[in-house]
Amino acid sequence: MRVRPTRARLPLILSSLLAIGSCLPVAARAGGVAFLPGIHRGQVAPGAPSPDLLTWQLPDGLLVVDRVAAPGHTRCGPAFAASRADADWFLVRDRDPRHPARAVDAAALARFGTVRPAGATAWVVEVPADRLPAFLAAGFPLQRLPLEPPPAPLPASSAAPTPLAIAQVDTALKRAFIGTLSQAAFNQLIQEISGYATFFYAGQLRQVHTRYFTTASKNLVGDYLAARLAGYGYAVELDTFILGSVTCRNIVATRAGLSAPEEYVVVGGHYDSTSPILYCETTAPGAEDNASGTSMVMEIARISAHRGFDRSIQFVLFDSEEQGMNGSEHFVAEAVAEGRQIRGAIIADMVSWYQGTYGLHIEGEAAWEELMQSMAANVTAYTPCAYVKDYYSWGSDHVPFQQAGIPAFLAIDYDYEDYPYYHQTTDTWFRIRDTVPLGLQITRASAATLADLAGLRPDLTGAPPSPPAPSRLAAWPNPFNPRVTVAFRLAAPAAGDIAIYDLAGRRVRALAGGELPAGEQRLSWDGRDDHGRLLPSGVYFCRLHTATESASLKLSLAR
Ligand SMILES: [Zn+2]
């Protein structure tokens, strides 16, 4: 990792802190976890973050993970004693920063492992392996504390730091590049993977209502995204890892750079979703979190498909972010182990909602100011959005990059903390339908930043591939009770009909027939048959037929 900060920049204050450190036992894996009341990050680790000394600034002190300390010590202070050899360690905050209204119940934490306070607003929890799956599924706002020693640095010959070298891509070229982004395509993918609209994959019409990490429908979405990226001409790899007993997959699409193929720029975001524990396996639409960021990654991949870049470009859809950034952690660990030179990462998580401010946070660390400033300049130049730069990275896929010394930032809505449907079954397309233009603006600035960072070439100007045609049918809510709205779209007026069928294929209710108009039309169905009788709970199909089109959609009536 050529941009990894050197150890020489480590702490001025460490020697004085060592004096107060005592020899408490530390975590069994390696190193230790210490909470230092009243200490600020700047006092311990000025400058760039280090992969072996990780810090989290909490309101009343500093949490330090020292990954290379000798057993019995950290370099900064007394470490919490480990009670198990097989445990994973987590930082859990008393409020979810992505949803401050929701408090964490400390007593609930104690059911999963050993809990120690880290100041007044957080805990360090040591979770034994046998309770790990239940702990991860419980939905706490957590950050895993990596105690494994960081990978060995590359040999000195290849580890010499080089400047980030962000190109100044010509304004007209960047404008032409981001001008090929499509709001319709951006919206359509969100609709497809959040359960609002159907999509075709492998010859069948599909509809998914959750992308929770354990589910087959998340895997279906992963397959669909991988197939689309392959269709755009990228080399696509399913980057597999195991979480508990679940096989997870990052979707990684790569194209080699024209003049510096050994250097990579990553555009990424997580495609998994979550909702409360009782519902997550059936209903976790995750439209804002993070179908919106997934759609950003896919739309930039589409417009980059026929373009040339100096550096290699990688579009990565991370799995299992909601269980603690496992996908990005795995991806970064592998990249570091291979010595892959990632020059920067642009990460998106929740980019299509606002309440009062049409804008975004650019969340990073002071060490990566140059990259954050490139994004900020592109926000100003190519969008009407406001932005704020935050120097406190937390809780999304940019963190593992930063902890490995790779320049990265997170793009996230300015108002994300107020999103009322965060991690709920109601995080649907309808909650962001009116605010989704913000998502395309954040995508524009991110695409311009990719152009700068990867070096967009002026000499390859092929038109981007088209996104797939939108599905003809959509329905919401689904499952429904007592009423569902069905929307259908025809390119031109046509004679036909649209009706409801039961599982046995019997036509139970006609919704419309005769000459159907062009454009999007909406109909409502109240769960009754043609005679006005209430139909029982169960699965029904809405079918659209014309001379040239047919489409069908599964509806679930839940009385
Ligand atoms: Zn998210």
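This report describes a four-stranded sheet and a pair of packed helices in a predicted model.

## The four-stranded sheet

Four strands form an open sheet in the order β23-β22-β25-β26, and their pairing is antiparallel. The edges of this sheet are strand β23, covering residues 507-516, and strand β26, covering residues 550-557. Each of these edge strands pairs on one side only. On average, neighbouring strands of the sheet are turned by 15° against each other, with direction ignored.

Within the sheet, strand β22 (residues 494-502) and strand β25 (residues 538-546) run antiparallel and are joined by seven bridges. In this part of the sheet, Tyr501 stands opposite Phe541, a residue of β25.

## The packing of helices α11 and α14

Helix α11 spans residues 369-382, and helix α14 spans residues 437-454. The two helices pack with their axes 8 Å apart, at an angle of about 125°. An angle that is neither over 145 degrees nor within 65 to 115 degrees, nor under 35 degrees, counts as oblique; α11 and α14 are therefore oblique to each other. The crossing in which α11 passes α14 is right-handed.

On the side of α11, the contact is made by Ser374, Met375, Asn378, Val379 and Tyr382. Helix α14 contributes Arg444, Ala445, Ala448, Thr449, Asp452 and Leu453. By character, the residues of this contact comprise six nonpolar, three polar and two charged.

Technical notes. Residues are numbered from 1 along each chain as its sequence is written. This is a predicted model: local features need pLDDT of at least 70, side-chain atom pairs count only at pLDDT 80 or more; totals for chains, interfaces and linings use all residues. Two strands pair if DSSP finds at least two bridges between them. Axes are lines fitted to C-alpha atoms, for helices over the stretch in contact, and angles run from 0 to 180 degrees between N-to-C directions. A crossing is left-handed if the near helix is turned anticlockwise from the far one by less than a right angle, and right-handed if clockwise. Two residues are in contact if their C-beta atoms, placed from the backbone, lie within 7 Å. Ala, Val, Leu, Ile, Met, Phe, Trp, Tyr, Cys and Pro count as nonpolar, Asp, Glu, Lys and Arg as charged, and the others, Gly among them, as polar.
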